[in-house]
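User: I am new to reading protein models, and I would like to go through this one step by step. Could we take it as a series of questions, with the reasoning given each time?

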Amino acid sequence: MLEPGGKNWISKYFELVQKNTIELSIPELNGINKNKFLHSYFFPTGISFGYAAKFLFSNNIESSRWTQEERLKLLLFEAHILIYLSANG
């Protein structure tokens, strides 16, 4: 079980990626500006407002018991992953 407030949660996150519970894939840009792409991905998550409304990759993870701080921590982590994937993918 993933707990963003707990110890070693990042390594547990990547264990879930290896088990295909979390899929780190993004669509191709197909001529869209990278900034517009990132904005269209980030805006619905609530990250622009400091509120985690939904996650980028791990929406099938049970997070109902998490605090808002834990949800935001995971969302910020996934935002870093998305930026990395869009720059290096």
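User: In what order do the elements of the protein run from the N terminus on?
Analyst: This is a predicted model, and the protein in it has 3 helices and 0 strands. Read from the N terminus on, the elements therefore follow the order α-α-α.

User: How does the radius of gyration of the protein stand against the value that the globule rule gives for 89 residues?
Analyst: The C-alpha atoms fill a box of roughly 40 × 30 × 20 Å along the principal axes. For 89 residues the globule rule gives 12 Å, and the radius of gyration is close to that value, so the protein is as compact as a globular protein of that length, with a radius of gyration of 13 Å.

User: What percentage of the contacts in the protein with a separation of 6 or more comes from residues 24 or more positions apart?
Analyst: A contact here means that heavy atoms lie within 4.5 Å. Among the contacts with a separation of 6 or more, the part that joins residues 24 or more positions apart is 52%.

User: Which helix supplies the largest share of the largest nonpolar core?
Analyst: The largest nonpolar core has 22 residues, and those with the most contacts inside it are Y13 and L74. Helices α1 (9-18), α2 (34-42) and α3 each supply at least two residues of this core. The largest share is 6 residues, and these come from α3.

User: Leaving aside its neighbours within four places in sequence, which residues is Y13 in contact with?
Analyst: Y13 is one of the residues with the most contacts inside the largest nonpolar core, and L74 is named beside it there. When neighbours within four places in sequence are left aside, the contacts of Y13 are L2, I22, L24, F57, S58, L74, F77, E78 and I81.

User: Is S86 buried or exposed?
Analyst: S86 has its place in helix α3, which covers residues 68-88. Not counting residues up to four places away in sequence, S86 touches I26, K34, F37 and L38. A residue counts as buried under 20% relative accessible area, and S86 has 12%, so S86 is buried.

User: What is the sign of phi at N8, and what is its value?
Analyst: N8 lies in the segment before α1, and at 49% relative accessibility N8 counts as partly exposed. Most residues other than glycine have a negative phi. N8 is not a glycine, and yet its phi is positive, at about 60 degrees.

User: Where is N20 found, and what is its phi?
Analyst: N20 is found in the loop between α1 and α2, and with 66% relative accessibility N20 counts as exposed. Although N20 is not a glycine either, its phi is positive, with a value of about 65 degrees.

User: How far apart are the C-alpha atoms of F49 and N8?
Analyst: F49 sits in the loop between α2 and α3, where F49 is exposed, with a relative accessible area of 60%. Along the chain F49 and N8 are 41 residues apart, and the separation of their C-alpha atoms is 27 Å.

User: How far apart are the mean positions of the positive and negative charges of the protein?
Analyst: The protein has 9 positive and 8 negative charges, and each group has a mean position. The separation of these two mean positions is 3 Å.

Technical notes:
Residues numbered from 1 in each chain as written. Predicted model: local features only at pLDDT ≥ 70, side-chain atom pairs only at ≥ 80, totals over all residues. Heavy atoms only, no water. Helix = DSSP H or I, 4+ residues; strand = E, 2+ residues; numbered from the N terminus. Rg over C-alpha atoms; globule rule 2.2 N^0.38 Å. Lys, Arg positive; Asp, Glu negative; His and termini not counted. Charge placed at Lys NZ, Arg CZ, Asp CG, Glu CD. Buried < 20%, exposed > 50% of the residue type's maximum accessible area, 1.4 Å probe, protein only. Core = buried A, V, L, I, M, F, W, Y, C linked by side-chain atoms within 4.5 Å.
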